[in-house]
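This report walks through one protein model, from its empty spaces to its sheet and a few residues in its loops. Please keep the sequence and the structure in view while reading.

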Amino acid sequence: MARLQDKVVVVTGASSGFGRGIAKACAAEGAKVVVSDVHEKPNTGGFEDDAALTTVEVIEKAGGRAVYVGCDVTNADQVDHLIAEAVRVFGRLDVMVNNAGVYRAGKRLHEFTEADLDVCYEVNVKGTFFGARSAIRQLLAQGAGGVIINLVSTAGLQGHPNQSVYNISKGAQANLTRCLAIEYGKDGIRVNGICPTYAKTSLTRELFDDKDFDQAFTESIPLKRWGEVDDIANLAVFLAADESSYIHGDLIKIDGGETLCRYSV
């Protein structure tokens with residue numbers, strides 16, 4: 001039997017990047033997947049091999065089951081509707097992946113605007129809060145536990161230059177993950193965070209294409225490469241599956257060794 005056979009998995013920000021990869025990987029393991037995003041088509045400029053297809057189309061082409069539900073995670077009512085639709089279509093909820101996020105960088109703190117701070121807070125913090133809250137309400141009503149996975153970042157674990165507004169939001173997201181784990185473990189709801197470094201998605205395409213940045217970043221990573229979407233998707237499947245049943249409240253680094261050091265060896 002597949003590792004997530006007949007589990008119902010909701011993934012936000014799933015039209016592109018990490019969310020798309022996670023949705024595809026979960027479906028390949030037998031899950032029924034609710035693909036959610038503010039738009040159905042993938043972002044331009046990404047690394048997807050199948051960018052002409054939506055995530056649902058890719059999953060269905062491979063023989064999986066998926067539906068798309070549009071959702072702006074900064075709107076609590078839309079997030080509640082997302083969970084309600086998952087239950088209406090597939091009958092229940094088992095796994096909630098709060099993946100939707102935004103990135104703002106390239107300035108020192110005094111150069112960032114209030115709008116830069118607000119968008120990081122609205123999407124990364126409130127979006128995860130709303131997603132977790134709606135999912136937990138449903139999981140408690142079902143009474144059989146479940147899994148929540150938050151896509152955080154190494155930016156939630158340490159400081160980085162020139163992206164303070166992003167790091168602030170990711171630090172909050174990391175602490176929210178810890179709080180949820182403490183509060184809901186007794187209800188059988190496991191909560192963990194995934195903390196990637198830079199990986200190849202449309203959000204990092206400009207940095208990847210900057211050869212000076214690419215070289216400096218790659219040399220700073222002990223494994224000497226960028227992260228791939230599949231790296232993150234494989235970890236998400238593991239955390240959603242019963243294999244990880246005693247992993248709870250963790251913020252798991254998936255960074256090629258970035259947080260060990262930031263220098264070339």
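## The largest pocket

In this predicted model, the largest pocket holds about 1000 Å³ of space. It is lined by 49 residues, and those closest to its centre are Gly101, Val102, Tyr103, Tyr166 and Leu203. Sorted by class, the lining of this pocket has 21 nonpolar, 22 polar and six charged residues.

Which helices and strands contribute to this lining? At least two residues each come from α1 (17–28), β2 (32–37), α4 (114–142), α5 (164–184) and α7 (211–220). The largest share belongs to α1, which supplies three residues to the lining of the largest pocket.

## The second largest pocket

The second largest pocket contains about 320 Å³ of space. There are 16 residues in its lining, and Lys24, Phe47, Glu48, Val229 and Asp230 are the closest to the centre of this pocket. Its lining divides into four nonpolar, four polar and eight charged residues.

Helix α1 appears here as well, since both α1 and α8 (229–240) supply at least two residues of the lining of the second largest pocket. The largest share, five residues, is again that of α1, the helix that also gives the largest share to the lining of the largest pocket.

## A closed cavity

Rolling a probe the size of a water molecule over the atoms shows where empty space is left. How many cavities of 30 Å³ or more are counted in the model? The count comes to one, and the largest cavity has a volume of about 30 Å³.

The residues around the largest cavity are Thr12, Val73, Asn98, Asn99, Ala100, Val123, Gly127 and Thr128. By class they divide into three nonpolar and five polar residues, with no charged residue in the lining. Helix α4 gives the most to the lining of this cavity, with three residues; α4 is also one of the elements that supply at least two residues to the lining of the largest pocket.

## The sheet and its strand β2

Seven strands form an open sheet in the order β3-β2-β1-β4-β5-β6-β7, and their pairing is parallel. At the edges stand β3 (65–70) and β7 (251–254), each of which pairs on one side only. From one strand to the next, the twist averages 20°.

Strand β2 can be followed to both of its neighbours in this order. Towards β3, with which it runs parallel, β2 is joined by six bridges, and Lys32 has Arg65 in β3 as its bridge partner. Towards β1 (residues 8–11), the strands also run parallel and four bridges join them, with Val8 standing opposite Lys32 in β2.

In a regular strand the side chains alternate between the two faces of the sheet. In β2, Lys32, Val34 and Ser36 point one way, while Val33, Val35 and Asp37 point the other way. Are the six residues of β2 buried or exposed? Six of its six residues are buried, and β2 is described as mostly covered.

## Three residues in loops

Glu40 lies in the loop between β2 and α2 (55–61). With a relative accessible area of 35%, Glu40 is partly exposed, because this class covers values between the 20% limit for buried and the 50% limit for exposed residues. Although Glu40 and Val69 are 29 residues apart along the chain, their C-alpha atoms are separated by 8.5 Å.

Two further loop residues can be described by their backbone angle. Asn162, in the loop between β5 (146–151) and α5, has a phi near 65°, a positive value in a residue other than glycine. Lys224, in the loop between α7 and α8, has a phi near 60°, which is likewise a positive value in a residue other than glycine. Asn162 is partly exposed, with a relative accessible area of 37%, and Lys224 counts as partly exposed at 34% relative accessibility.

## Confidence in the prediction

The protein averages a pLDDT of 96, and 98% of the residues score at least 70. Where is the confidence lowest, and where is it highest? The lowest mean, 91, is found in helix α6 (residues 205–209), whereas strand β4 (residues 95–98) has the highest, at 99.

Conventions: Residues numbered from 1 in each chain as written. Predicted model: local features only at pLDDT ≥ 70, side-chain atom pairs only at ≥ 80, totals over all residues. Heavy atoms only, no water. 1 Å grid on protein atoms, 1.4 Å probe; cavity = no way out; pocket = protein on both sides within 12 Å on 5 of 7 lines; lining within 4 Å. Points joined across faces, edges and corners; volume = space filled by probe spheres on them. Nonpolar A, V, L, I, M, F, W, Y, C, P; charged D, E, K, R; others polar. Pairing = 2+ DSSP bridges. Axes fitted to C-alpha atoms, helices over the stretch in contact; angles between N-to-C directions. pLDDT = per-residue confidence, 0-100. Buried < 20%, exposed > 50% of the residue type's maximum accessible area, 1.4 Å probe, protein only.
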